[in-house]
There are 2 protein chains.
Amino acid sequence: MTASTIAELEARAKAVIPGGMYGHQSVKMVAPGTPQFFTRADGAYLWDAEGRQYLDLMCGYGPQLFGYRNREIDAAYCEQLSKIDTATGPAPVMVELAEALTAQISHGDWAMFCKNGTDATTMALMVARAHRGAKKLLVATGAYHGSAPWCTPMPAGTLAEDRAHMIQYTYNDIASLEAAAEAAGEDLAGIFASPFKHDVLVDQELPDPAYARRARELCDAAGALLIVDDIRAGFRLARDCSWTGLGIAPDLSCWGKALANGHPISALVGSEIARNAATQIYATGSFWFSAAPMAASLATLKLIRETNYLEHTERLGEILRTGLAEISTEAGLNISQTGPVQMPLIMFNDETGARDMGIGMQISAGMVSRGIYFHPWHNMFLSAAMTEEDIADVLDAARGVIKAL
Amino acid sequence: MTASTIAELEARAKAVIPGGMYGHQSVKMVAPGTPQFFTRADGAYLWDAEGRQYLDLMCGYGPQLFGYRNREIDAAYCEQLSKIDTATGPAPVMVELAEALTAQISHGDWAMFCKNGTDATTMALMVARAHRGAKKLLVATGAYHGSAPWCTPMPAGTLAEDRAHMIQYTYNDIASLEAAAEAAGEDLAGIFASPFKHDVLVDQELPDPAYARRARELCDAAGALLIVDDIRAGFRLARDCSWTGLGIAPDLSCWGKALANGHPISALVGSEIARNAATQIYATGSFWFSAAPMAASLATLKLIRETNYLEHTERLGEILRTGLAEISTEAGLNISQTGPVQMPLIMFNDETGARDMGIGMQISAGMVSRGIYFHPWHNMFLSAAMTEEDIADVLDAARGVIKAL
């Protein structure tokens, strides 16, 4: 293809893709000037289709944990591709990866691999229901568990029946969780929990340990399964399931995104108690047993075990949070920084303290125009490829943008 | 990993994967001796984890159309991977691929990319329901449209509500199709049709053109959408949608499997009439916008346009069918060969003409032991990488197996 401007690409896309773009990477709802198409990625950076460079605070919406085009991980992918990838059966690397993943994740006794995060959460739903024939699943209001009819955040094309047995509760609210469990009664199949509240558009919340413990107790009391959806946060908060540090072992955990640093693979990991139900469900996909993403995931797990990526991203996150707080205070700007520092959601409020999406959009647009890919209402991600200099660049850009307000 | 026997791998797998293996590539239900794990693939061949070579008549259950590790297609993948793959937005190749695919598929005015075949069929379901708010979908009894709760062939973990508005009809049976449409009445959202009847375990059937026409008419009369699920057969029967040759244009067609010769991508392709509904649904995935599989798909489409792969696989299929018929007649064996020659389902009957799975399993086991990966109850696939010599090898093996019966 000859080089095109982004506007030309958008016009062409509009002709052959519904709405010009769909899904979570559409830029229609983010700040003006955010580029839709990219032609190059390397380490912490992206280049848009007009050649502008960005420090990417979205990390591909999560997959990129060790830098774009990480040489070790991509080499593992390509080496496996040169032997066998998608075939009529799996390669031994599938067994190796299941062994490595269950060794890495404390509660995990078995693993099933798939492609989308939604595949893993949907299998969790099916396993929970198959476990003892109960139907009700509790989900926190506003939590994102994928885009299948039972969980997509937009109702178009879905039916009331698709969520007939889903009961909502309020994240971190023990009374509402107990009420939902009581409503399910004997029919409680499982409780879905995000590792922390990382809904879009509202402040993030770390999990109250008492809420996590209560979720575990309610599942134990009912013989239901506790499901931690670690798709987005997996290996970003811990080298284990995100709730292990709270002392809570789920029965099922869902993994994807960073599991192979951007190569397509997701997984459902389970405890012994859920193995029989997992054996009963039928879920599969044309590319679920492909070997190359599994080899890439093994290489990613090695970096997870052997590098200080976690401490590094936490340290950068602290520097970013502290720096942005200082800049905002100086400017008299009411900033809201929530969630784990390495997965920050950064939003802005007006003088009364009320959320002001207008300022957020302006700041986000300013950051993008200064070469920082910034998201106005979705948590961002720091990666092992970022440096203190990168964070200093973010702070410089923020200083400039806020000054110009 | 040190080299392991398949039995050792199976024992290790059993510890960390439910049932030792799950999904369509589990060998639990096929012939004894069929290997579970493979370590190498090239062209038409696979090598199992103990080094035995097989001519692979399953082609990865469909993805392999131009040979394993096709050099042109894999080079396109790797070249794109070296620039940008999974990122915070798509690359221009997404627009190029949507343009190429809608140019290739007569009815197609737009395309949406995803990962699993099930993603494409589920999006088709959602688009059909979003189109005018109707709920009922007609599906042929026994047809496979994926493994989500609304379509998985096994009920474990699913609820009656998951298919509350699915109405079954009998493939190729106009009266049953009309009855199903009448039962749906005003609430008819769409009709799912496989391009031919390719259910497992029963003889395949080519579509009766009158049935295909009636499906189109019933959709038109109700304002419903006609969906051709071309995941498995796409580009194996035609260089266009499989029903184009019948003079029938669906509103939606589902693609996957061979779309990038084994690289992970699937697609929903639609006509203008369905564009607005497609714009309304929300479906997305972590890896749906990855550029490398799109580049591989563009390279695959080039081979589809520029080579005689289709005529070649049809010719090989004719030679195989004729040869097997002769061998069976000579041996007095009642063989059933159904479906398009390049996607043959080969089963066996007893002297009374009744299906005899026992003989089928024996023959399949014999073929496998002679280095032909043969499936006893699922359609097989021929690929452009196969030669007349390969088919002669299949016939030689069949002669030996049948003689030994």
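Two strands count as paired if DSSP finds at least two bridges between them. Keep that in mind for the close-ups below, which all come from a predicted model.

**View 1. Here's where strand S5 of chain B meets strand S7 of chain B.** Strand S5 covers residues 136-140 and strand S7 covers residues 188-193. Three bridges hold this pair together on paper, and the two strands run parallel. Look for Lys136(B): the residue standing opposite, over in S7(B), is Leu188(B).

**View 2. Zoom out and you get an open sheet of seven strands in chain B.** Reading across, the order is S4-S10-S9-S8-S7-S5-S6, and the pairing is mixed. Which strands sit at the edges? They are S4 (110-114) and S6 (166-169), and each of them pairs on one side only. Ignoring direction, neighbouring strands in this sheet are turned by 20° against each other on average. Helix H4(B) packs on the sheet, where it touches S4, S5, S7, S8 (225-229), S9 (252-255) and S10 (266-270) of chain B. The direction of H4(B) makes about 30° with that of S10(B).

**View 3. Now pick out one residue of that helix, Arg132(B).** Helix H4 of chain B spans residues 117-132, and Arg132(B) is part of it. Is Arg132(B) buried or partly exposed? Arg132(B) has 15 C-beta neighbours inside 10 Å, so it counts as partly exposed; the buried label would take 20 or more. Also find Ala274(B): this residue and Arg132(B) are 142 residues apart in sequence, yet 10.0 Å apart in space, going C-alpha to C-alpha.

**View 4. Chain B also has an open sheet of four strands.** The order here is S1-S2-S3-S13, again with mixed pairing. Why does one side of S1 (38-42) and of S13 (372-373) lack a neighbour in the sheet? Both strands stand at the edges with a single partner strand each, so one side of each is left free of a neighbour. Further in, S2 (residues 45-48) and S3 (residues 53-56) run antiparallel and are joined by three bridges. Trp47(B) is a handy marker, standing opposite Gln53(B) in S3(B).

**View 5. Over in chain A, helix H2 (residues 71-81) has a buried face.** The buried residues of this helix are Ile73(A), Asp74(A), Ala76(A), Tyr77(A), Gln80(A) and Leu81(A). Look down the axis of H2(A) and they fall within an arc of 155°, so they line one face of the helix. What do they pack against? The partners are H3 (93-104) and H8 (291-306) of chain A, along with H2 (71-81) of chain B.

**View 6. This one shows where the two domains of chain A touch.** The domain assignment gives domain 1 as 6-66 + 308-404 and domain 2 as 71-306. Taken over C-alpha atoms, their centres are 27 Å apart. At the contact, 19 residues of domain 1 meet 20 residues of domain 2. On the domain 1 side, helix H9 (309-331) and strand S11 (334-338) of chain A each supply at least two residues. That side divides into ten nonpolar, nine polar and no charged residues.

**View 7. Finally, here's the contact between chain A and chain B.** Each chain puts in some residues: 93 from chain A and 93 from chain B. Elements giving two or more residues to the chain A side include H1 (6-16), S4 (110-114) and H7 (275-280) of chain A. H4(A) gives the most, with eight residues. The chain A side splits into 48 nonpolar, 30 polar and 15 charged residues.

Terms used. Residues are numbered from 1 along each chain as its sequence is written. Chains are lettered from A and ligands numbered from 1 in the order in which they are written. This is a predicted model: local features need pLDDT of at least 70, side-chain atom pairs count only at pLDDT 80 or more; totals for chains, interfaces and linings use all residues. A residue is buried if 20 or more other C-beta atoms lie within 10 Å of its own, exposed if 12 or fewer, and partly exposed in between; C-beta atoms are placed from the backbone. The arc is that of the directions from the helix axis to the C-beta atoms. Two residues are in contact if their C-beta atoms, placed from the backbone, lie within 7 Å. Domain bounds come from an automatic or database domain assignment. Ala, Val, Leu, Ile, Met, Phe, Trp, Tyr, Cys and Pro count as nonpolar, Asp, Glu, Lys and Arg as charged, and the others, Gly among them, as polar. Axes are lines fitted to C-alpha atoms, for helices over the stretch in contact, and angles run from 0 to 180 degrees between N-to-C directions.
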